Amino acid sequence: MAQRETWATRTGFILAAVGSAVGLGNIWRFPFVVGEGGGSAFLFVYLLFIVLIGVPAILVEFVIGRRTKLNPVGALRELGGGLWKYLGYVFFVTAFVILSYYSVVAGWFVRYFLIGITDGYGVEDPEAAQALFGTVSVGLDSLAFHALFMAATIGIVALGIRRGIELAVKVMVPALVVLLVSLAVYAATLPGAGEAYAYYLSPDFGVIAENWQTLLPDAAGQAFFTLSLGMGVMIVYASYLGEDRNLAEDGAIIVSLDTAFAVLVGFVVFPIIFSAGADPEQETVGAIFFSLTEAFSGVTGGTVLGVLFFGTVAIAALSSAISLLEFVVAYFIDEFGLERRTAALVAGGSIFLLGVPVTQDLIFLDLLDGFADAILLVLGGLMLAVFVGWVAPDVARDELSRGIGELGSWGVAWIWAVRIPVVVVLAVALVLGVIGYVEFLTGDFAGWLGG
Ligand code: PHE
């Protein structure tokens with residue numbers, strides 16, 4: 001067997017992890033969950049979770065990966081034995097479900113990219129922007145672009161030509177930052193900006209106290225989704241890591257970059273929504289498309305900006321989608337002894353089929369996203385925290401200290417943070433997430449089925 005690869009450089013690892021983390025979660029999902037959660041109230045809880053839960057949780061995955069240098073199933077089998085390996089199967093289901101709708105939404109970005117090239121974004125008013133989103137997001141167009149995006153993902157994973165994409169991401173991620181900062185500056189000049197900042201940035205603790213049953217699971221789920229946590233992706237990345245790396249420092253950098261990205265998107269989207277006189281809570285999954293096509297139609301050179309923006313996001317989404325399909329394909333290869341190409345085709349094909357209903361009715365987006373995000377990712381994160389906190393704390397602390405040196409009380413503090421606050425918050429979030437999901441199934445979804 002060949003020597004296991006390691007990351008050539010520190011930036012290689014950080015960029016790969018950031019490439020998986022930064023994607024539709026930051027650009028598409030974040031603004032709409034903030035809108036649904038009432039703006040600043042959600043932002044406050046989310047940021048708190050990133051620091052108190054996200055950072056310890058990313059370290060949990062890092063230490064498991066680097067210690068065992070194995071995939072998640074193998075890693076948990078080796079460190080925990082017996083039953084723990086079944087957690088690996090939960091991760092498998094999670095990746096499967098997430099990619100099915102991720103590809104549909106990524107297809108919308110590809111479609112908007114092409115609209116910019118062929119027609120421009122000439123939407124005169126909010127209604128026109130919404131109408132455009134309607135034609136893109138539901139129906140044959142949506143299906144066709146889901147197929148296209150999935151085919152590209154399958155092709156890349158089947159041929160193993162990821163390096164080209166990784167290179168592209170290294171250019172695209174900085175480009176995206178520049179674009180977003182320019183858009184945020186533009187948004188600051190809009191008449192609705194002041195009102196939008198108040199909505200986005202000044203937390204009302206009354207609102208938090210009143211809505212904690214929905215805020216808590218949603219913020220926990222979003223924190224895990226955006227950091228690619230709770231399904232073992234970071235275990236895989238860290239398994240290629242050398243012993244000399246300072247995991248805490250790398251984790252902090254990755255989390256900060258990902259969070260900065262999401263927060264920046266809010267500075268673009270909300271001023272535009274407010275100055276268009278729209279209600280952020282009503283915009284939901286179309287928020288980013290609706291607000292940006294408005295913006296791009298209103299400035300000179302907007303079409304060029306738009307083409308750049310939607311194209312860049314599509315590539316960022318492709319890099320996250322590849323990390324998801326790789327994950328599923330690796331299982332197919334290990335478990336069923338399939339060949340790489342066959343595995344990519346079978347796995348990708350089934351994931352495509354699962355996503356097809358989403359292209360026909362957005363209720364299926366809630367059905368899949370709610371299940372993956374509020375339940376599966378939180379469950380995965382909870383089990384990993386229990387594992388590191390209670391089953392293998394000494395190994396974990398020892399692994400964290402490599403590349404750092406003397407951890408002292410920090411190591412103890414980390415283990416205790418994982419043991420109690422992280423486990424308790426995730427357990428509560430999971431229970432509330434299940435309740436919320438059952439409410440959705442028996443309410444909106446049952447209503448949809450019946451009517
Ligand atoms: N973090 C990615 C995003 O924000 C999504 C993702 C989740 C990717 C889980 C891999 C694993 O778009």
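How close do the axes of helix H3 (residues 40-68) and H10 come, and at what angle do they cross? The views below take up that question and a few others in this predicted model.

**View 1. Helix H3 crosses helix H10.** The two axes come within 9 Å, and the crossing angle is roughly 50 degrees. That angle makes H3 oblique to H10, and the crossing is right-handed. On the H3 side, look for Ala41, Phe42, Phe44, Val45, Tyr46, Phe49, Ile50, Ile53 and Gly54. Their partners on H10 are Val207, Ile208, Asn211, Leu215, Leu216, Ala219, Ala220, Gln222 and Ala223. Sorted by class, this contact holds 15 nonpolar and three polar residues, with no charged ones.

**View 2. Helix H2 meets helix H10.** Here the axes come within 10 Å and cross at roughly 175 degrees. An angle over 145 degrees counts as roughly antiparallel, and H2 and H10 are therefore roughly antiparallel to each other. H2 brings Gly25, Asn26, Arg29, Phe30 and Val33 to the contact, while H10 brings Asp218, Gln222, Phe225 and Thr226. The mix in this contact is three nonpolar, four polar and two charged residues. Gln222 may look familiar, as it is also one of the H10 residues in the contact with H3.

**View 3. Helix H5 packs across helix H7.** In this close-up, H5 (residues 85-118) and H7 (residues 140-159) have axes that come within 8 Å and cross at roughly 105 degrees. That makes H5 roughly perpendicular to H7. From H5, the residues to find are Ser103, Val104, Ala106, Gly107, Trp108, Val110 and Arg111. They meet Asp141, Ser142, Phe145, His146, Leu148, Phe149, Met150 and Thr153 of H7. Eight nonpolar, five polar and two charged residues make up the contact.

**View 4. Residues gather around the ligand.** A shell of 15 residues surrounds the ligand, and the closest are Gly23, Leu24, Gly25, Ser228 and Ser320. Helices H1 (10-21), H2 (24-36), H10 (205-226) and H15 (302-336) each give two or more residues to this shell. Seven of the shell residues are nonpolar and eight are polar, and none is charged. Gly25 also takes part in the contact of H2 with H10.

**View 5. Two loop residues have positive phi values.** Ser228, one of the closest residues to the ligand, sits in the loop between H10 and helix H11 (233-238). Its phi is near 55 degrees, a positive value in a residue other than glycine. Lys69, in the loop between H3 and helix H4 (72-80), likewise has phi near 55 degrees. Are these residues buried or partly exposed? Ser228 counts as buried because it has 29 C-beta neighbours inside 10 Å, whereas Lys69, with 15, counts as partly exposed.

**View 6. Gly403 lies in a loop.** Look for Gly403 between helix H18 (393-401) and helix H19 (409-450). This glycine is partly exposed, because 17 other C-beta atoms lie within 10 Å. Setting aside neighbours within four places in sequence, Gly403 is in contact with Glu243, Asp244, Arg245, Asn246 and Leu247. For a sense of scale, Gly403 and Val22 are 381 residues apart along the chain, and their C-alpha atoms are separated by 26 Å.

Terms used:
Residues numbered from 1 in each chain as written. Predicted model: local features only at pLDDT ≥ 70, side-chain atom pairs only at ≥ 80, totals over all residues. Near = placed C-beta within 6 Å. Helix = DSSP H or I, 4+ residues; strand = E, 2+ residues; numbered from the N terminus. Nonpolar A, V, L, I, M, F, W, Y, C, P; charged D, E, K, R; others polar. Axes fitted to C-alpha atoms, helices over the stretch in contact; angles between N-to-C directions. Parallel < 35°, antiparallel > 145°, perpendicular 65-115°, else oblique. Left-handed = near helix turned anticlockwise from the far one by under 90°. Contact = placed C-beta atoms within 7 Å. Buried ≥ 20, exposed ≤ 12 C-beta atoms within 10 Å, placed from the backbone.
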